[in-house]
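Reader: Please take me through the side-chain contacts and backbone oddities of this model. Keep it brisk.

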Amino acid sequence: MRFSILAMGLSCAMGSVSAQAASHQDIQKAVEQQQQPLLQTLETLVNVDSGTGYSTGLSDVEALLTKHLKALGAEVETYPAKTYGGNTLVGRLQGDGDRNIMLMIHYDTVFNEGAAKQRPFHIEDGRAYGPGVGDAKGGVAVILHSLEALKSLDFDDYGQVTVVFNPDEEKGSPGSHDLIHKLSADQDAVLVFEPTFADEGVDAVTVVTKGINYAFLEVKGRASHAGGAPEKGRNAIMELSHQLLQLDELGDPDKKTTLNWTVVEGGTKRNIIPEHATAEGDMRYFDSGEYERVLNEAQKITEHQRVEGTEVEFRLEKGRPPLPANPESQMLAEQAQKIYQELGLNLQAVEIGGGTDAAYAYHADADGPAVLESLGLVGGRYHSDEEFVLTDSVVPRLYLTTRMIMELSHEASRD
């Protein structure tokens, strides 16, 4: 049912937009007029530190976003994201149609306080730089200025456009994912504005993302003098090392499941046999059944110990689920590719190893919504001091989002 309704809408959408709304040339002109304002907005946002949990910066960005949304005519509500602080902003624009469309992205970054002062927004050789310029303040700016373009075109044929800006995505969205899932349930389509995640600088949207789980390994031993009585100790670091080597094969290349150990801690002083050691790992997967497989296999493996008298515990905590391959996301991607062709440009549809909030918007057991990821700016080197976006991607990405909203507004509503 869900597939057939979307297919029917897409088949008639391309012809309906030209007849019912502005021409493609009018739309392109409108988004071109938003290029410089978008870059100005992006500069303002990037130059405010808003690392996850940094309440001062998050509050400052929230105020900027609230002001902009209200200027667009949106009614804005705030919902506290309690784990790390900050608020999730929900702005709603009412239209004259009956299609509900959600535009979503986060406004927190991975960067610490002071990063914006050290590396302020700047443009060099066609690239804009600065902390969070791509991931994901570029996406914030694309949403705001696509809506500005629609406003300039007097387009309001949608039923409701819901804008969601959350402050904790970089830590897994613990304080916002329930709200995202709830809000998305009433939508016909959800467009998510992370930057492109294909090869660096490659224009793409994302149709499949991996899920994320968090692995924890803890070993308890017994402390003793490393020189005077080492035999009385139970070396937790040695046992932890043994377990890490045993657990190294938990991934599954055929299913593209990975488990990488990334943090190790243990010991207190050089002359004390360590009584405690821990490790943390990052698990990525497409197949939802991999959680149980990895957990069960790891618990069996850790029963085999090298250092007698130590205690070993393996835990696996669920993070973001995957956005699985599905026909609705694929059809939205094909729709986006046709729009890009109007500009004489090619657009890839890719799978990525990272997890995003798009997975929280997807409802596996329901008739909707259709979800498409990575409508933000084209860039690369995210989470690094060299993070960038291509300034030449601003107009195409504004055009894509503006046209997507128009087409989705004219499709047949789902039951």
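Reader: Is R381 buried, partly exposed or exposed?
Author: The model is predicted: local features need pLDDT of at least 70, side-chain atom pairs count only at pLDDT 80 or more, and totals for chains, interfaces and linings use all residues. Residues are numbered from 1 along each chain as its sequence is written, and side-chain values use heavy atoms, with hydrogens and water left out. Buried means under 20% relative accessible area, exposed over 50%, partly exposed in between (1.4 Å probe, protein chains only). R381 has 36% relative accessibility, so it counts as partly exposed.

Reader: Where is R381 placed, and what is its phi?
Author: R381 lies in the loop between β17 (379-380) and β18 (388-390). Strands here are DSSP runs of E, at least two residues, and helices are runs of H or I, at least four, both numbered from the N terminus. Most residues other than glycine have a negative phi. R381 is not a glycine, yet its phi is positive, at about 60°.

Reader: Which residue forms a salt bridge with R381?
Author: A salt bridge is a side-chain nitrogen of Lys or Arg within 4 Å of a carboxyl oxygen of Asp or Glu. Here the closest N and O atoms are 3.4 Å apart. The partner is partly exposed, with a relative accessible area of 44%. It is E386.

Reader: Which other residue has a positive phi although it is not a glycine?
Author: Its phi is about 55°. The place is the loop between α6 and β6 (160-166). With a relative accessible area of 69%, the residue is exposed. It is D154.

Reader: Which peptide bonds are cis?
Author: Most peptide bonds are trans. One cis bond has omega near 5° and leads to A136, in the loop between β5 (127-129) and α6 (137-152). Another has omega of about 0° and ends at P369, in the loop between α11 (358-361) and β16 (370-372). The bonds are D135 to A136 and G368 to P369.

Reader: How many salt bridges does a search of the whole structure find?
Author: One is between D282 and R284, at 2.8 Å, N to O. K255, D287, E290, R293 and E297 are linked in a network of salt bridges. The search of the whole structure gives 18.

Reader: How many residues apart are D203 and R397, and are they buried or exposed?
Author: Their side chains meet in a salt bridge of 2.6 Å, N to O. D203 is in the loop between β7 (189-192) and β8 (204-209), and R397 is in helix α12 (residues 394-409). Both are buried. The pair links distant parts of the chain, 194 residues apart.

Reader: Which element gives the most to the largest nonpolar core?
Author: A nonpolar core is a set of buried Ala, Val, Leu, Ile, Met, Phe, Trp, Tyr and Cys residues joined through side-chain atoms within 4.5 Å. The largest has 65 residues, and L65, L103, L147, F165 and L372 touch the most other members. The top contribution is nine residues, from α12.

Reader: Which residues are among those in the other core?
Author: This core lies apart from the largest one. It has 21 residues. Among them are A236, L240, L259 and V294.

Reader: What is F165 in contact with, leaving aside neighbours within four places in sequence?
Author: Contact means heavy atoms within 4.5 Å. F165 is one of the residues that touch the most other members of the largest core. Its contacts are L65, L69, N87, T88, L89, I105, Y107, V140, I143 and L144.

Reader: How many aromatic pairs are there?
Author: Rings of Phe, Tyr and Trp (its six-membered ring) pair if their centres lie within 6.5 Å; planes under 30 degrees apart count as stacked, over 60 as edge-to-face and the rest as tilted. By this rule the count is four.

Reader: What kind of pair do F197 and Y382 form?
Author: F197 is in the loop between β7 and β8, Y382 in the loop between β17 and β18, 185 residues apart. F197 is partly exposed at 28% relative accessibility, whereas Y382 is buried at 18%. The centres are 5.7 Å apart and the planes at 75°, making the pair edge-to-face.

Reader: Which rings have their centres 6.3 Å apart?
Author: Their planes are at 75°, so the pair is edge-to-face. One ring is in strand β11 (residues 258-266), the other in strand β14 (residues 311-318). The rings are those of W261 and F314.

Reader: Over which ring does the charged end of R127 sit?
Author: A charge sits over a ring if NZ of Lys or CZ of Arg is within 6 Å of the ring centre and within 35 degrees of the ring normal. The charged end of R127 is 3.8 Å from the ring centre. The ring is that of F388.
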